[in-house]
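Dear colleague,

Please find below the structure that I agreed to pass on to you. My notes on what was found in it follow directly after.

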Amino acid sequence: MKKHAISMAITATLLISCGGAKTTTAEADKFDYTVEQFADLQLLRYRVPGFEELSLQQKELVYYLTEAALQGRDILFDQNGKYNLRIRRMLEAVYTNYQGDKTTPDFKNMEIYLKRVWFSNGIHHHYGSEKFVPAFTQEFLKQAVLSIDAAKLPLAEGQTAAQLCNDVFPIIFDSKIMTKRVNQADGEDLVLTSACNYYDGVTQKEAEDFYASMKDPKDETPISYGLNSRLVKEDGKVQEKVWKVGGLYTQAIEKIVYWLKKAEGVAENDAQKAVISKLIAFYESGSLKDYDEYSILWVKDLNSRIDFVNGFTESYGDPLGMKASWESLVNFKDLEATHRTEVISSNAQWFEDHSPVDKQYKKEIVKGVSAKVITAAILAGDLYPATAIGINLPNANWIRAHHGSKSVTIGNITDAYNKAAHGNGFNEEFVYNDTEKQRIDKYGDLTGELHTDLHECLGHGSGKLLPGVDPDALKAYGSTIEEARADLFGLYYVADPKSVELKLVPDGEAYKAEYYTFLMNGLMTQLVRIEPGNVIEEAHMRNRQLIARWVFEKGAKDKVVELVKKDGKTYVVVNDYLKLRQLFGDLLAEIQRIRSTGDFEAARTLVESYAVKVDPVLHTEILTRYKKLNLAPYKGFVNPKYELVTDQSGKITDVTVTYNEGYADQMLRYSKDYSVLPSINK
């Protein structure tokens, strides 16, 4: 639960090129960062600067790891919902084989629906989690399905095309079936009311009791229970179906292992080779002890230029925050841009010691905090097409405490966001006055990246659990509390004089740019991502509103932060930045206490009071203002394409990278070349 997603303020603010993008203005002008826009989504491209300078062995390693990354795509589709693969494959068959009129509104709307399914890795919104509403008719889709060759459809043995329609049409068209992929509504059975495919036939209580019975409170090195399995009830018995070679998802995992073994053969050094070997062992055994050993080896490998994430990693998609979605990121270190993160990580103990958190909840000794800026080579699984801009792993608290963690900021992804957002009018619409606009223009890129670095490098690794506290004690509220903790750590320290001393910011004025954009986002602009009448469900959005609404309320008496009207529009005004920082520190202290003690009721009260509800009047206003800008609130990426170059004897002589593939072209190629799972996975 350690991703740092890009915020509305960052995606829509004019930022200067930074991080790993060593690109001249002329070169940037030649590169087309935008691909297409539809629904509430915009597709972008990202460059991979520095790839050509890698050695042939490193390029070959990147290629094999990329192939391993792409082989896991279908796993995520199935994890997100048990009908997703059938629906995707059925729609792709219609999209590519339909002989009727493709200019009709029904076909065009089906095309947009399919593109949304690709983007979200399923039929539910990738961020808001609600099911898409089709803008085409059942009659059209049925006629289209029945008109194409049945051999091209994802039919079960003995099934007809008409029967396939009968099976999946209610899932697509009935708004009362599988309404949300992840339901976080307080008081409901979160397992039974969530459409994700992590549980089958079990209730929330049965799931919680199953894992509670397995845990030993005295175990100081507990495995991440349930991380790599589906929990099912068969013949009245609750049991796990493990994702591994020979188990669930074996067809895809075998392909992943094949490419990992190729990568193992060209590893940069023995440490990296050991990491890959242990990951293969985990995939083959399904043992979470193997996973922990792999995680420790991965954390300790600090010298390899090429790095990667591959596997069952983050638990945002599980309403109980235990089971992990499949994801992969292949990357290499940006040597020049990493200096900033190295300064932060080398001062980790100072930041921990001077935190406003109560001493009993602080780490006495901060171990193994490493941080770097990376260049992404490929995004996959739950990091594609939408991705985080920063990641901190591993997630196991005891590994972080004993062995440390790795934090990364993805420089070329941030750079692509920034260049694509150039001059879009967002700040002109939502920032209160010229003083704030000028401050954001001057400092916004720097302080935004610094906040991300502090969030990832130190925030997630700060503090400690008291002895005997269950890491899962906060249950469904754990992800929101964890993200708030890391964000508050970053907010508190981006304004600290130490940041000036370390030359992380140029002066004591810079932090105000991040404070303003964060509050504007948390109080107002992130609401463009919410449908009218809905509440906030996603953990990162809940985190941001929790922080913003809490400091807004607690500082109301002194008018620290206000929402004011100007020309009939609502704006954020910060009257006292120093008191605002103090409020961030107060909330950080309380949230760390909640996390350290496992205070579920306090977490529940905080989240439900500040993070969930939406002001409908303000929401309507923000949506109206945003619509006029013709912007997409969500952005994702088309990956570059890598190809091997060989001589006449078949020997690899180079690996090339190109950037000209279209969105639909890439998705259809992935569905053709990296889709080995059955349509129904039991």
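In this predicted model, Y199 stands opposite L231 in β5. That pairing belongs to strand β4 (residues 199-200) and strand β5 (residues 229-234), which are joined in the parallel sense by two bridges. Between these two strands the chain passes through helix α9 (residues 204-212), and the resulting β-α-β crossover is left-handed.

Strand β5 also pairs with strand β6 (residues 237-242); here the two run antiparallel, and six bridges join them. Within this pairing, K233 of β5 has V238 of β6 opposite. The two strands form a hairpin with two residues between them, and D235 in the turn has a positive phi of about 55°. As a general point, the strands of a sheet pair through backbone hydrogen bonds, in either a parallel or an antiparallel arrangement.

A separate topic is the sheet that contains β2. Three strands make up this open sheet, in the order β2-β3-β14, and their pairing is mixed. Its edge strands are β2 (34-38) and β14 (634-638), each of which pairs on one side only. On average, neighbouring strands of the sheet are turned by 25° against each other, direction ignored. Four bridges connect β2 with strand β3 (residues 41-45) in the antiparallel sense, and Q37 has Q42 in β3 as its bridge partner.

Two helices lie across β2, β3 and β14. One of them is helix α6 (residues 105-120), which runs at about 120° to β2. The other is helix α26 (residues 663-673), which runs at about 90° to β2.

Finally, I would draw your attention to D301. This residue is located in the loop between α12 (288-300) and β7 (306-314). Is D301 buried or exposed? D301 counts as buried because its relative accessibility is 5%, and the cut-off for buried is under 20%. The side chain of D301 makes a polar contact of 2.9 Å with the side chain of S304. Apart from neighbours within four places in sequence, the residues in contact with D301 are N269, A271, Q272, V275 and K406. With respect to T34, which is 267 residues away along the chain, the C-alpha atom of D301 is separated by 35 Å from that of T34.

With kind regards

Key. Residues are numbered from 1 along each chain as its sequence is written. This is a predicted model: local features need pLDDT of at least 70, side-chain atom pairs count only at pLDDT 80 or more; totals for chains, interfaces and linings use all residues. Side-chain values use heavy atoms; hydrogens and water are left out. Buried means under 20% relative accessible area, exposed over 50%, partly exposed in between (1.4 Å probe, protein chains only). Contact means heavy atoms within 4.5 Å. A polar contact is a pair of N or O atoms within 3.5 Å; within protein, one must be able to donate a hydrogen and the other to accept it, and residues adjacent in sequence count only if both atoms are side-chain atoms. Two strands pair if DSSP finds at least two bridges between them. A crossover is right-handed if, with the strands pointing away from the viewer, the path from the first strand over the helix to the second runs clockwise. Axes are lines fitted to C-alpha atoms, for helices over the stretch in contact, and angles run from 0 to 180 degrees between N-to-C directions.
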